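Please open the model in your viewer and keep the selection panel at hand. The tour below goes from one selection to the next and says what is found at each stop.

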Amino acid sequence: MVKGILKGMFVVLKHSRRKPVTVQYPEEAIPWHTKRFRGRVILNLDTCIGCSLCSQICPNESDHMVYYDYENGKNRKKIYPAVNIGTCTYCGLCQAVCPTGSIRLSNDGTLASFGKDFDYLPDRLSRTEEELKHHD
Amino acid sequence: MEYSILQLINFILTYIGINFSVYFPPYGMLVQRVIVDLIGGLLIFIAAALTIIVVIYIFRKWMADLQQRIGPNRVGPYGTLQLIADALKMFGKEDIIPDNVDPLLFRFAPYLVFIPLILSYLLIPYGNLYHWDIIFTNVNVTLLLVIAFSAIPPIGEIIAGFASNNKFSMLGALRAAAQDLSYEIPMMISLIGVIMLTGTFNLNSISQYQWHYIPIAILEPIGFLVFFVAVLSKMAVVPFDLPESESELVSGFNVEYSGLRFGIFYLGVFGSIFFGSLFISTVYLSGGSDIPFIPGLGYIWLLVKAFIFTFLFLTIWVSLPRIRVDKYMNFGWKYLLPLSIINILWTMVIVLAMHGVL
Amino acid sequence: MEEKIIEVNFGPQHPSTHGVLRLKVKLKGETVLSAEPIIGYLHRNAEKLSEFNYYASNTVFMDRLDYVGNHNMELGYVMAVEKLADIDVPERAVWLRMLFVELNRIASHLVWAGTMGLDLGMITPFFYTFRERERILQLFEMVSGARLTYNYISIGGVYNDLPNEFDAKFNEFVEDFSSRLKEIESLFKENEVFIQRMKGIGILPPEVAKSYSITGPVLRASGVNYDIRKVSPYLYYDKVDFDIPVSNGMDNYARFEVRFREMEQSLRIVKQVYGKLPTGEYQNPLYRKSGLINIKGKGESYVRTESPRGEFGVYVVGDGSKKPYRVRIRSPAFQNLSATNEMVKGSKIADMIATISTLDPVFGEVDR
């Protein structure tokens, strides 16, 4: 009559000997953090040709083109993508569509900041992954 | 030579110079007695509160352990101060009395659940430690008093549910009433077996009896089982947490409570878990009486038994689904009650055999 | 004495309504007289939004439909668009899609098993199922870069190939998953209290199920052998070997059993698929990079797939532009939920909760 109940209890009790699977995040690193993790959007200003494909495919219209005074030779109109981090869903479509691989999603998932300027203009987007380790 | 813990308190008071019995001859004895009793009561209150904290900590850690989590580990060493932090948070919360509740009953209900529980901690004979008997109440009806006190909290739950003026809490209150009826009768009838065997209502004598003979759990296995299940449902934890049943009635009878009042209900659950463990080990497993060959450690022995039961109850809590309310009442009336009556018949056989009739 | 009928609102803020279901329940004591599901609290306009975005961007919205079986949602939409625009998919991409869709089915059913335990008052199985799901999510994250909204299946293939470290992790998962699954099942399966709560509760006869156009595990638990994967195979389901678990129990317990058997079958499929994975392209080169934006289609197409909850249909109409003219989604969870009243009428409150949990609605999909 209580065989199943006891069996269930036994299975549960067996787990007391197993190691916890919790990762205590800020102290411990996430062990499965992969290279492909889609985090903060970054932009390589030197290769961007200003084709605006990323802003077209962006489903939330968080990626939009703005004028930014930076000369790289290929981008004659000097328009570069800006990303509103507040509405970005990190879907990675801008990275998928970019013909030159200029805009891509970095590994950096720690986006908390004290400011309210969610619209990341090209100068703020154009960080390398090395720079992202020391937060701005 | 054995002394009671109250005598110890009296000794200490006399030693530090507080002894009224010598000052006012006719009434001084009484005054001294009252002071000693009050200090004893305060001691047991503090001890009970501490035990509840320990039980909650054990519950969290043990549940985390069974679920491959870590459990509280941030506040204090190994998270031991987590409950203090929680209590402080609850104290700091706004005292919300919703509109349309019955304010008097709404305020009153949590205490009706908690105070009888703390009072019943006074009645358990905690056995002896070295030469000192840790017994606060040694009247001849402690068992009856425990039953009487344990009958009050369900009424508190019902009042809480009705006073909240919420449909969910009302359903919870109705369930509490139905559950109360279903477990309490088998519980008492199974205790009748114990009384028949020992011939006393005194818990201390009952535990001593088992030390002289054998634990009643072995003599009356059916009664022990019925009592175990009844105590489990008295605690109102899974699988019998019908008045609360979080996934059905949101939080049942205490759905409108928050802050300190909710905290009192929460403490009440864990308090009754440990009290149930103490009670069942006292009545059925010789309680705080001495271990053979190692005298003077009855208290520790009682605590060991009680904590084993606590762990068992907590394991049952985390590993079973909730029983349905009508099935539970079926179970109470169709299985527990007949079983407890069979237990009485069985006890009769034992008693007659002991007296050499059979 | 006359018993009063009380009307209670279960939800949308209720611990066991799986999100934002609201049930208007008429109660007589503990007995449910009728339960009327009210939906729409999670409406995000996915169908209409799709009309304003490029074909390729819409997978993002599909991800957010059934947020525990996302790959299945993407797959349905992507296949509809591929049918509309006549797009070829490389072989490896099809196998990869199948791999992840089936893994996702396991993950989705694991979420269901855990939450079903919670609904019945069992806390512990939830942690075990989520522990296992976590390992699947790690595989997904490794491949797609996200843990919940993968956006992995692209029109014309998949966005990424398997990374190098996938193999080890995948084998590790496949190796001990079936034993872990048995362990989780043993918590429920023979437990007397669980059986008492599930057997004979929430009866859904096959005729009723058909009349409500219920699909998926719920239908199969009513004894109807109907699975799109067998009825009209898509992807390469005709090239792998698997069974469709069917139960004649019609009750909650049957649904519980069917879902656990389905996880085993999905594991079987996953093993076969991983063995058969060919080398080659993972994405149609025409629809890579800027090609993604140039997908055009004219006409209409309807594709149905078997999502973890049942028949998921996507109807896409194109007018020749780069954006769809209309996207319509046939959501299985929505259809399944419509039978709630039929199943819970006359049972107890606790049974109502158990029945809804075995229907396994996900409200991103119900409300769209």
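What follows is a walk through a predicted model, with a pair of helices as the opening stop and a contact between chains after that.

Begin in chain B by selecting helix H10, residues 221-235, together with helix H14, residues 325-354, whose axes come within 8 Å and cross at roughly 145 degrees. Looking along the line that joins the two helices, you can check that the crossing of H10(B) and H14(B) is left-handed. To see where they meet, show the side chains of Ile222(B), Gly223(B), Val226(B), Val229(B) and Ala230(B) in H10(B), which face a set in H14(B) made up of Leu336(B), Leu339(B), Ser340(B), Ile342(B), Asn343(B) and Trp346(B). Sorted by class, this contact holds 8 nonpolar and 3 polar residues, with no charged ones.

Next, select chains B and C together and turn to where they touch, a contact in which 25 residues of chain C meet 23 residues of chain B. On the chain C side, at least two residues each come from strand S1 (5-10), helix H4 (91-119), helix H5 (124-144), helix H7 (192-198) and H14. Colour that side of chain C by class and you should find 13 nonpolar, 6 polar and 6 charged residues.

Stay with the last of these elements and select helix H14 of chain C, residues 349-359, where 11 of the 11 residues are buried, so the helix is largely enclosed by the rest of the structure. The buried residues include Asp351(C) as well as Ile349(C), Met352(C) and Leu359(C). Finally, step just past the end of H14(C) to Asp360(C), which takes a positive phi of about 55 degrees.

Notes. Residues are numbered from 1 along each chain as its sequence is written. Chains are lettered from A and ligands numbered from 1 in the order in which they are written. This is a predicted model: local features need pLDDT of at least 70, side-chain atom pairs count only at pLDDT 80 or more; totals for chains, interfaces and linings use all residues. Axes are lines fitted to C-alpha atoms, for helices over the stretch in contact, and angles run from 0 to 180 degrees between N-to-C directions. Helices (H or I, at least four residues) and strands (E, at least two) are DSSP runs, numbered from the N terminus. A crossing is left-handed if the near helix is turned anticlockwise from the far one by less than a right angle, and right-handed if clockwise. Two residues are in contact if their C-beta atoms, placed from the backbone, lie within 7 Å. Ala, Val, Leu, Ile, Met, Phe, Trp, Tyr, Cys and Pro count as nonpolar, Asp, Glu, Lys and Arg as charged, and the others, Gly among them, as polar. A residue is buried if 20 or more other C-beta atoms lie within 10 Å of its own, exposed if 12 or fewer, and partly exposed in between; C-beta atoms are placed from the backbone.
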